[in-house]
Amino acid sequence: TNDGGLSWSWNAPYSWNYSVWFTDPSTAIMSSEYVLYKSYDAGNTWTIKQWNVYGWRGSLFFMDADTGIHVGSAGQIFRTTDAGETWDSIQSGTSNVLSACYISPNGTGYAVGFSGTLLKTNDAGATWVSLLSGTLSNLETITFTDASHGVITGELGYTMITEDGGISWNTSYSSVTKSNLNAVVFPDQNTGYAAGAGGTILKSTDGGNSWQQLSVPVWNSFFSLCYTNPQTIYFAGTNGMILKTTNGGGSWESLLTGVNYNLTSIEFPDQQTGYAIGRRQDFYDSVYLLKTTDAGATWSSRVIDNGVYYSMDFTNADTGYLAGYPRDLKRTTDGGISWNTQASFPGFSFSDIYFTSRNRGFACGYGITIQTSDAGLHWDILYSGPLNFKRFYFTDSLHGYVLADYGYSGGGSLLYKTEDGGTTWSEKPIGLTNYQLNDLCFTHSDIGFTVGGNGVILKTTNGGGIITGTQNENNRASTEPVIYPNPCSGYFRIRLPQTLPQVDVGLFSITGNEVWSSEFQNVSEINISQPGLTSGFYFVKIRTASSVVTRKLVISR
């Protein structure tokens, strides 16, 4: 930009760029995936200065025009004393990812990284020593306002502040847990529970505004939870563990299930009758259905199939549905004694099944969502494409949500909302975290929660970002193309947001060389086959009349 950010033009190499630093108005250094670039003309053109097989995926810092540091993956530190013309590898003493560094004019500086890594230098980065940071959180940024006052920030609000030049640090941390959270429920509008790895169970009593970690007598990871009232909650997880509380987490009972398999889903259609499904680690092991008719005091088990079933839903004590891998959806009408295959979708697996009434139901998985209006006798495809759909949740027969992401192709999580019982859906991007989101629930048609990796809990009070009923067009699907599959073997597709009169597509190597290009007219999806390209990283440039988008592509053979 040359006008203070009012307009921008593309002047960078076609590479995955990470950090840029100007040592003067004309001279700049930029780090990318495997290459370090330098510009002598204010960023208009770029020259390759150094290759690194370990990657230049990190952060640059220059203490003056000549002396600079690059920190990055695998504890790599590189140092230049000639304004980025040449770089020397420096021993860091760590293999952890380094995120950022800061060096003062007197040569004293710090570098921070993952797992609480904190390094210090007294000679402008020539040598480094490790310091105890007092945390295992991933540290991501560091800056000083003067010789004494500095701030380090990290994941989920972790902050370290110094007022004595880094001799001592005061810390604060806004997160309750860093454990992955796999499931969340709200029995009422104020009381909520979330559960995940390593025996982690969280509770909220103020509508999800704050959370406390409950003390539990086990270290099992939990994958699913359900409730029969706000005080009685069941948590199912590894090694056949089902944990029960009848007083909102004040005390716990470990239920004897008789199996030691991982329990992926638990469901209580009434106060006394409950079901859980479990499997061993292998995808083709037997699947066990557990059942209780006395509120979990005793459980029976039976083998019902081979494979993995991730989700089940019962519309009453006898009628229930299973969804998972392989491709089949199953139904029982006799309390789990027998199961019949209601539908089969070759090439797909399902992560969730959800019924809003006795007849109306939905199922979703990698690349597919389907619906039924006759209790599962027939299923219609709602969507088939590159998205990975994970969880449904309906607050009533009309208002519902489904959680999705871009799977192996990367990208953030998405929330789809329906206000007409699933006939139409609007897409609402979730851009607040890069961690995988695993589950969602709602206490109101507009108030909901989603949980995921590293203890992330997100809350919406406006239906996933909807401000008015006219904002349905303001979503990721209407603005961004999607490339799939990614990685690919040389054949891939580009799904466009709508049919466009002209699209120019270019394929570039990691060094910025164009290896293929073509024009397309009146298309909404483009099929591209380049079997002659070697394995590696490429960049796909997609130009339309209104935008230019570049996407990373991995070709693997």
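Let me start with Cys226, which is buried, with a relative accessible area of 9%, and please keep in mind throughout that what we are looking at is a predicted model. The sulfur of Cys226 lies 13 Å from the closest cysteine sulfur, which belongs to Cys441, and that is too far for a bond. Seen from the other side, Cys441 takes part in no disulfide either, since its nearest cysteine sulfur is that of Cys226, again 13 Å away. Cys441 also counts as buried, at 2% relative accessibility. Because two cysteine sulfurs have to be within 2.5 Å to be called a disulfide, the count for this model comes to zero.

Staying in that part of the chain, I would like to turn to Thr228, which is found in strand S21, residues 222-229. Is Thr228 buried or exposed? At 15% relative accessibility it counts as buried, because the limit for that word is under 20%. If we leave aside its neighbours within four places in sequence, Thr228 is in contact with Tyr234, Phe268, Asp270 and Gln271.

Strand S21 also brings us to the second largest pocket, since S21 is one of the strands that each supply at least two residues of its lining. The others are S17 (181-185), S25 (262-267), S29 (308-314), S33 (350-355), S35 (380-394) and S39 (437-442). The volume of this pocket is about 780 Å³, and of the 33 residues that line it, Leu225, Glu267, Asp313, Tyr354 and Tyr393 lie nearest its centre. In terms of residue class, the lining divides into 20 nonpolar, eight polar and five charged residues.

Now to the nonpolar cores. As general background, nonpolar side chains tend to be buried together in soluble globular proteins. In this model the largest nonpolar core has 32 residues, and those with the most contacts inside it are Val184, Ala194, Phe389, Phe392, Leu415, Tyr416 and Leu440. Several strands each supply at least two residues of this core, namely S17, S34 (361-372), S35, S36 (400-405), S37 (413-418), S39 and S40 (448-452). Which strand gives the largest share? That is S35, with five residues.

For a closer look at one member of that core, take Ala194, which, not counting residues up to four places away in sequence, touches Leu181, Ala183, Val184, Thr200, Ile201, Leu202, Trp211 and Val451. There is also a second, separate core, of 23 residues, which includes Ile77, Tyr102, Trp128 and Trp169.

A little further along from Ala194 we come to Ala197, which lies in the loop between strand S18 (192-196) and strand S19 (201-204). Ala197 is partly exposed, with a relative accessible area of 25%, and, with residues up to four places away in sequence left out, it touches Ser179, Asn180, Asn182 and Ser221. Although 41 residues separate Ala197 from Thr238 in sequence, their C-alpha atoms are 9.5 Å apart in space.

Two further alanines deserve a word for their backbone. Most residues other than glycine have a negative phi. Ala124, however, has a positive phi of about 60 degrees although it is not a glycine, and it is found in the loop between strand S11 (118-121) and strand S12 (129-131). Ala295 likewise has a positive phi, near 60 degrees, and its place is in the loop between strand S27 (286-292) and strand S28 (300-306). As for accessibility, Ala124 is buried at 11% relative accessible area, and Ala295 is buried at 13%.

I will finish with two strand residues. Ala100, in strand S9, residues 98-103, counts as buried at 9% relative accessibility. Apart from its neighbours within four places in sequence, Ala100 is in contact with Ser59, Val71, Tyr110, Ala111, Val112, Glu140, Thr141 and Ile142. The C-alpha atoms of Ala100 and Gly367, 267 residues apart along the chain, are separated by 37 Å.

Ser344, in strand S32, residues 340-344, is partly exposed, with a relative accessible area of 36%. With neighbours within four places in sequence again set aside, Ser344 is in contact with Arg327 and Asp328. The C-alpha atoms of Ser344 and Ala195, which are 149 residues apart along the chain, are separated by 32 Å.

How values were computed: Residues numbered from 1 in each chain as written. Predicted model: local features only at pLDDT ≥ 70, side-chain atom pairs only at ≥ 80, totals over all residues. Heavy atoms only, no water. Helix = DSSP H or I, 4+ residues; strand = E, 2+ residues; numbered from the N terminus. Buried < 20%, exposed > 50% of the residue type's maximum accessible area, 1.4 Å probe, protein only. Contact = heavy atoms within 4.5 Å. 1 Å grid on protein atoms, 1.4 Å probe; cavity = no way out; pocket = protein on both sides within 12 Å on 5 of 7 lines; lining within 4 Å. Points joined across faces, edges and corners; volume = space filled by probe spheres on them. Nonpolar A, V, L, I, M, F, W, Y, C, P; charged D, E, K, R; others polar. Core = buried A, V, L, I, M, F, W, Y, C linked by side-chain atoms within 4.5 Å.
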